[in-house]
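Here is a small set of exercises to work through with the model open beside you. Try each task before reading its solution.

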Amino acid sequence: MFKTLRRVINLYGVHKKRIYLGLVCSLLNAVFNSFNIMAFFWILLHISNLTMAVIWQTAGILGVAVIGKIVLKFLTNVFLSASGYVVFTEKRLELGDKLKTAPMGYFSKESLGRINNTITTSMATLENFAAMSIEIVVGGILQGIAVAIFLMFFSWKLGLIAIVGIATSLIFLSKLQKISEELAPKRFAMTEKVTSDVLEFIRGIAIIRSFGRNSSSNLDDAFEDYRKMSTELEKRTLVPMGFFRATLEIFSGIMALVAALMTYFGTLEFSYGMTFILSSFIVYGQMEMLGTGVFLLEQLESALDNMDETYAVPVLKSEGESIPKDFSIEIKNVQFGYEDKLVLQDISAKIPQKTSCAIIGHSGSGKTTLCNLLVRFWDVNSGSIAFGGTDIRKFKPDELLSRFSLVFQNVFLFNDTIENNIKFGKPDATHEEIVEAARRARCHDFISALPDGYNTVVGEGGSTLSGGEKQRVSIARALLKDAPVVILDEATSSLDPENESELLEAIDELTKGKTVISIAHRLNTVQKADQILVLDHGKIVQAGKHSDLCEVDGLYKRFLDIRKSSAGWNLS
């Protein structure tokens, strides 16, 4: 329990002082809560000689109590609850920065549900309950001990009963903690699985409906397992939680009974006796929340473990060297694989700046993987890739990527306006610059025809636009970025005749005066390249210009023959 408290407090880092100030305010708030009993005691003490002065003094005590509680509760919320929003805003931004520098392989291994669960569930749990649990647990224990010590000054018997009550209740509290330690991580893991399965269900809803399935068996099983786990947790904590609360209630009754007997036999003055009887029913008030606090702490422990695991993001290291003005690329003896699967073997090539290079090959030959290595989405297993004569591992990943514009086959647009989607390539761009980029990308006309023009929201993933329109918007975005190296990953593979000419014109605009690397299947795209790399099973089996490769009996010539024969097909 105290180990988790330390972890939670340490999580607040430079804001740790706010936690301590919040606890002080919480304890002072408890002191002002006791002023109500003091007012009651003051009336009893003067009950035989009650005057207006005593009444006004009692009213003054109650007034101080009300003002003190309002001010201290406000300060407690500011220092404890409000600080959580500050801390976890910083934590979310920190994780975002880490994810931006992680190799793409991290995302293929890590469950999307886990990352999503960390950013939402784990952080929300910590944000909302971390400070609360500290106040409940630390405040409850300290307040119970403080009241017991206070009672010892007036009656050692009542003080001893209060201490025995606390000690006995902690026995059941420790059992509750053990059960929570066992089951809370399992429940948290189950929550993560449910999140992951829900995301999978939503992403696959079209397939589920197309096959006439009303639900996903995986998701149904996940919900059922979550229900069973939650039910088991409630059943197993019910008994120790009941005994914990019953112990406090029983000892409250014993204190009240002993105080009444002591008053009856004259060993305790009437005013003191009545005050202690009243106090006996509230002495454990804060402690009764300890059961909830302990259970919360175990949930926080699981959330902290989940957060630590997600925060252990592998980082692409760099030496922070400056990007040179020479944008030539040299690939030397590169080998790369995903875990045990080797994808690229002994790849070597040179791409001089402001030249074009087409990469072709069968599906799975390693074309996209090679392009991903060029922009350092992954690091090579062996060999090197140099940019302007310097190994790309010496550059900061963001600095390196700033020199590349990437246009993918599957375009991703944010659920935002068209203007902001284009502006993503250059955040400080003016509206005029955005319009100019759209003109060059051949998308200004269709954007202007939309009801809200550039302020049209494109929907999630650009769902309101056609494939060709999305592609041209992505090219406008790349044009605005104006990077010296352009990578086209099968950007023209799914063109329809209506969009083909405009999209090819947009690509011509994008690639003027640039180093261009394209993964392409279209013959006109390939044959115009300054050099062609032919990949087969992760190796470069041919390299050269179109005219040279046409003369050699090899994979490239067979590729051309297939393309020419398929181009001549017709439907009868």
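## Exercise 1: A residue in a strand

A358 is in contact with S518, V526, A529, Q531, I532 and L533, once residues up to four places away in sequence are set aside. Using this predicted model, find the element that holds A358 and decide whether A358 is buried or exposed.

**Solution.**
- Start with the location: A358 belongs to strand β3.
- Next, check the accessibility. The relative accessible area of A358 is 0%, and the cut-off for buried is under 20%, so A358 is buried.
- Finally, look at a pair separated along the chain. A358 and K545 are 187 residues apart in sequence, and their C-alpha atoms are separated by 9.7 Å.

## Exercise 2: A serine in a loop and a serine in a helix

Describe the surroundings of S365 and of S83.

**Solution.**
- Take S365 to begin with. S365 sits in the loop between β3 (356-361) and α12 (367-374), and with a relative accessibility of 3% it counts as buried.
- A polar atom of the S365 side chain lies 2.7 Å from the backbone oxygen of H362.
- Beyond its sequence neighbours up to four places away, S365 touches V343, L344, L535, D536, H537 and G538.
- Now turn to S83, which is part of helix α4 (residues 52-100). S83 is buried, at a relative accessible area of 0%.
- With neighbours within four places in sequence left aside, the contacts of S83 are Y12, R18 and V78.
- For a distance across the model, take S83 and K341: they are 258 residues apart along the chain, and 47 Å separates their C-alpha atoms.

## Exercise 3: Counting disulfides

How many disulfides does the structure hold, and why is C357 not bonded to C371?

**Solution.**
- Recall the chemistry: a disulfide is a covalent bond between the sulfur atoms of two cysteines.
- Check the distance. The cysteine sulfur closest to that of C357 is in C371, 8.3 Å away, which is too far for a bond; the cut-off is 2.5 Å.
- The count for the structure is 0 disulfides.
- As an extra step, look at accessibility: C357 is buried at 1% relative accessible area, and C443 is buried at 0%.

## Exercise 4: Aromatic rings

Classify the ring pair F32 and F35.

**Solution.**
- A search of the whole structure gives 11 aromatic pairs. In the pair F32 and F35, the ring centres are 5.0 Å apart and the planes meet at 40 degrees, so the pair is tilted.
- The reasoning uses two limits: planes under 30 degrees apart count as stacked, and those over 60 as edge-to-face.
- One aromatic cluster is made up of F327, F387 and F404.

## Exercise 5: The buried residues of a helix

Which residues of α3 are buried, and what covers them?

**Solution.**
- Helix α3 covers residues 35-45, and F35, I37, A39, F41 and L44 are buried in it.
- Then look for the cover: α2 (16-33), α4 and α10 (270-280) are included in it.

## Exercise 6: Loops and positive phi

Place T456, R442 and D482 in their loops, and give the phi values of R442 and D482.

**Solution.**
- T456 is in the loop between α16 (444-448) and α17 (467-481). At 13% relative accessibility, T456 is buried.
- The T456 side chain reaches the backbone nitrogen of D452 at 3.5 Å. Leaving aside neighbours within four places in sequence, T456 contacts D416, T417, I418 and L450.
- R442 lies in the loop between α15 (431-440) and α16. R442 is not a glycine, yet its phi is positive, at about 60 degrees; its 29% relative accessibility makes it partly exposed.
- D482 is placed in the loop between α17 and β7 (485-489). Its phi is near 55 degrees, again positive in a residue other than glycine, and D482 is exposed at 52%.

## Exercise 7: The overall form

How does the radius of gyration of the protein compare with that of a compact globule of 572 residues?

**Solution.**
- The globule would have a radius near 25 Å, but the protein has 35 Å.
- Add the extents: the C-alpha trace spans about 120 × 55 × 50 Å along its principal axes.
- Count the elements: there are 21 helices and 10 strands.
- Close with burial: 47% of the 572 residues are buried.

Terms used: Residues are numbered from 1 along each chain as its sequence is written. This is a predicted model: local features need pLDDT of at least 70, side-chain atom pairs count only at pLDDT 80 or more; totals for chains, interfaces and linings use all residues. Side-chain values use heavy atoms; hydrogens and water are left out. Buried means under 20% relative accessible area, exposed over 50%, partly exposed in between (1.4 Å probe, protein chains only). Helices (H or I, at least four residues) and strands (E, at least two) are DSSP runs, numbered from the N terminus. A polar contact is a pair of N or O atoms within 3.5 Å; within protein, one must be able to donate a hydrogen and the other to accept it, and residues adjacent in sequence count only if both atoms are side-chain atoms. Contact means heavy atoms within 4.5 Å. Rings of Phe, Tyr and Trp (its six-membered ring) pair if their centres lie within 6.5 Å; planes under 30 degrees apart count as stacked, over 60 as edge-to-face and the rest as tilted. The radius of gyration is taken over C-alpha atoms; the globule rule is 2.2 Å times the number of residues to the power 0.38.
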